[in-house]
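Hi everyone, thanks for coming. I'd like to walk you through a few spots in a structure, so have a look at it while I talk.

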Amino acid sequence: METEASSFETSEILATFLASTPLLSESWQLCNLANTTANAGFVTRQIGDVGYVAFSSMEMISESDICYGELGPLDIGKDQFFSPLHRQINEGEDPIMVHTGFLRLFFAIYSCPDFQTQMEELMKKSKSIVITGHSIRGTTASLSTLWLLSYLQSIPSSLSVLCITFGSPLLGNESLSRAILRERWDGNFCHVVAKYDIMPRLFFSPGGERMATSTSFWPFGSYFFCSEEGAICIDNASSVIKMMYLMLTMGSPSCTIEDHLRYGDYAARVSFQFLNQRSFMPGDLPESCYEAGIALALQSSGIASQEPVANHVKDCLKMAKRMGRTPNLNLANLAVKLSQITPYRAQIEWYKNCCDESDDRMGYYDSFKHRGTSKRDSQVNMNRMKLGRFWDDVIEMLDNNHLPHDFHMRGKWVNASQFYMLLVEPLDIADYYRSGKSHYRQNGRARRYKIFDRWWKERRVTEKVNNNRSTLASLTQDTCFWARVEEAKECLDKVRSERDRGKLDLLWTDINEFERYAAELVESKQVSKDVLAQNSSYVLWVEELKVLRSQLMQFPVQFPSIVDAEVVP
């Protein structure tokens with residue numbers, strides 16, 4: 001039941017909070033100043049600890065810069081403008097696309113030395129920076145904010161950044177929106193949209209229905225819908241699109257232009273409207289706090305309950321709340337499932353310890369590769385597959401937006417996925433080569449491991465990590481180490497039969513590179529004890545390499561690429 005699932009509807013509460021601050025009115029005043037300042041593409045102002053930047057919407061903009069909604073790649077350029085966003089795109093997802101004309105407008109402003117100088121001054125003097133723009137220049141404000149947020153990631157800074165746009169068109173596709181969510185930057189954007197303003201609705205699909213293509217424009221951040229009666233704040237992209245469509249259907253063509261020029265009135269009016277008392281007609285009294293919140297939000301959007309679209313707007317507000325809540329509920333359920341699979345992981349850890357202490361001295365990897373049909377081996381193999389299915393389901397939920405967009409940045413899940421990979425991928429490699437296949441890293445590695453690798457590399461480390469070890473690691477830190485061993489074994493086999501001098505040189509180059517790499521891992525104790533087990537594949541390979549080298553070193557002229565490097569078994 002909806003009322004039980006959520007006691008309060010918060011869209012009007014959030015709008016009321018923003019309206020009670022001076023941010024809206026001061027941002028609009030600066031937009032006006034930028035519009036009236038001759039030959040100024042932008043203006044800056046310092047108000048206390050807050051620095052403001054506003055872009056002029058009165059500057060001449062060529063028709064070619066609008067491009068009628070043409071989307072193109074968000075190029076990071078040689079200065080790596082938006083590199084954090086590109087790191088958030090997963091394999092198989094559409095690339096980040098933005099309106100090419102709007103991107104050119106941003107670069108035209110950024111290339112001005114005066115802009116860079118004034119931004120540096122603001123960053124030195126301010127604790128917070130507000131970047132704002134009206135109409136098309138709202139997209140310049142959004143891109144400037146994305147640039148500044150990307151830049152601040154590369155330096156130690158506590159500077160907070162907020163972008164407020166007025167009547168801004170949509171900027172890019174859904175991949176841009178998703179990347180912003182995954183970087184947790186969605187809270188840095190507030191787009192103010194008047195009830196009938198046509199400009200924010202230029203590029204969304206007819207009827208407010210979603211078009212799931214890489215060339216569709218898609219909103220990001222929070223949308224502040226204002227009307228004569230108040231305002232509501234929505235941050236769910238699907239609901240934003242639907243709300244823009246439903247509110248527009250109630251207006252006339254003359255209203256669409258007039259509303260685009262009335263943001264000054266709305267900014268002044270809404271700052272006082274949060275003090276107004278609202279009431280319900282007799283007989284219309286809602287049955288719950290949640291329904292009361294929906295009714296108040298409907299009033300604030302300027303839509304009467306008798307309007308034909310009123311029920312659709314109510315459904316839209318409920319959908320926004322429901323869709324925003326579901327990923328967190330899924331995450332809570334997933335945490336329960338993670339605890340339920342812990343016994344499978346514990347049994348594999350026990351199996352590893354048994355293999356490492358076994359009399360056959362083969363170690364964890366080789367014992368599983370050459371496993372028999374015992375109940376223990378079968379149980380471990382079954383646990384391996386169950387854990388793989390769990391993590392594949394996690395990736396699928398993330399791909400389908402059923403988990404919070406910053407899921408991959410949460411320490412609990414990054415650490416859990418890394419431990420799973422360290423423990424289980426060696427078994428997957430063993431099973432792969434047991435079946436006679438080759439080139440695991442190129443052809444056989446599961447997508448989940450590639451994703452977990454990226455999560456681990458991009459994790460945010462607050463303290464300097466000390467990699468110096470006094471004892472061997474409990475798990476080999478390179479999860480593909482055994483695949484590298486198998487590739488090195490294949491190279492050694494080919495050396496014995498290869499007669500082509502060029503191919504031989506390449507094979508010995510690969511062998512020597514792996515030999516040095518493995519020796520470094522062993523020396524730094526980043527391998528588990530199973531790597532150095534007496535009958536492990538690695539130790540046997542090292543011995544085989546020594547024998548082959550001793551045989552071939554009798555002919556140094558014929559084999560000049562053979563270098564007798566030290567191997568650490």
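I'll take one arginine, then a helix, and finish with a patch on the surface.

Before we start, please keep in mind that this is a predicted model.

So, where does Arg441 sit? You'll find Arg441 in helix H18, which covers residues 440–444. Is this arginine buried or exposed? Something in between: Arg441 has a relative accessible area of 29%, and it counts as partly exposed because that value falls between the 20% and 50% cut-offs. Leaving aside residues up to four places away in sequence, Arg441 touches Cys480, Ala483, Arg484 and Glu487. With Glu487 there is also a polar contact between the side chains, at 2.7 Å. If you look back along the chain to Ile429, 12 residues away, the C-alpha atoms of Ile429 and Arg441 are 9.1 Å apart.

Now to helix H20, residues 481–497, where we meet Glu487 again. H20 has 17 residues and spans 25 Å from first C-alpha to last, close to the expected 24 Å. Its buried residues include Phe481, Trp482, Ala483, Glu487 and Leu492. What do the buried residues of H20 pack against? Their partners are helices H15, H17, H18, H21 and H22.

Last stop, the surface. Ile198, Leu202, Ile257 and Leu261 make a nonpolar patch of about 380 Å². One of them, Ile198, belongs to the loop between strands S7 and S8, and at 30% relative accessibility Ile198 is partly exposed.

That's my tour, and I'm happy to go back to any of these spots.

Definitions and conventions: Residues numbered from 1 in each chain as written. Predicted model: local features only at pLDDT ≥ 70, side-chain atom pairs only at ≥ 80, totals over all residues. Heavy atoms only, no water. Helix = DSSP H or I, 4+ residues; strand = E, 2+ residues; numbered from the N terminus. Buried < 20%, exposed > 50% of the residue type's maximum accessible area, 1.4 Å probe, protein only. Contact = heavy atoms within 4.5 Å. Polar contact = N/O pair within 3.5 Å; in protein donor to acceptor, adjacent residues only side chain to side chain. Patch = residues over 30% accessible without salt bridge, like charges linked within 9 Å, V, L, I, M, F, W, Y side chains within 5 Å. Areas by Shrake-Rupley, 256 points an atom, 1.4 Å probe, with all protein chains shown as cover. Salt bridge = Lys/Arg side-chain N within 4 Å of Asp/Glu carboxyl O. Expected span 1.5 Å × (residues − 1).
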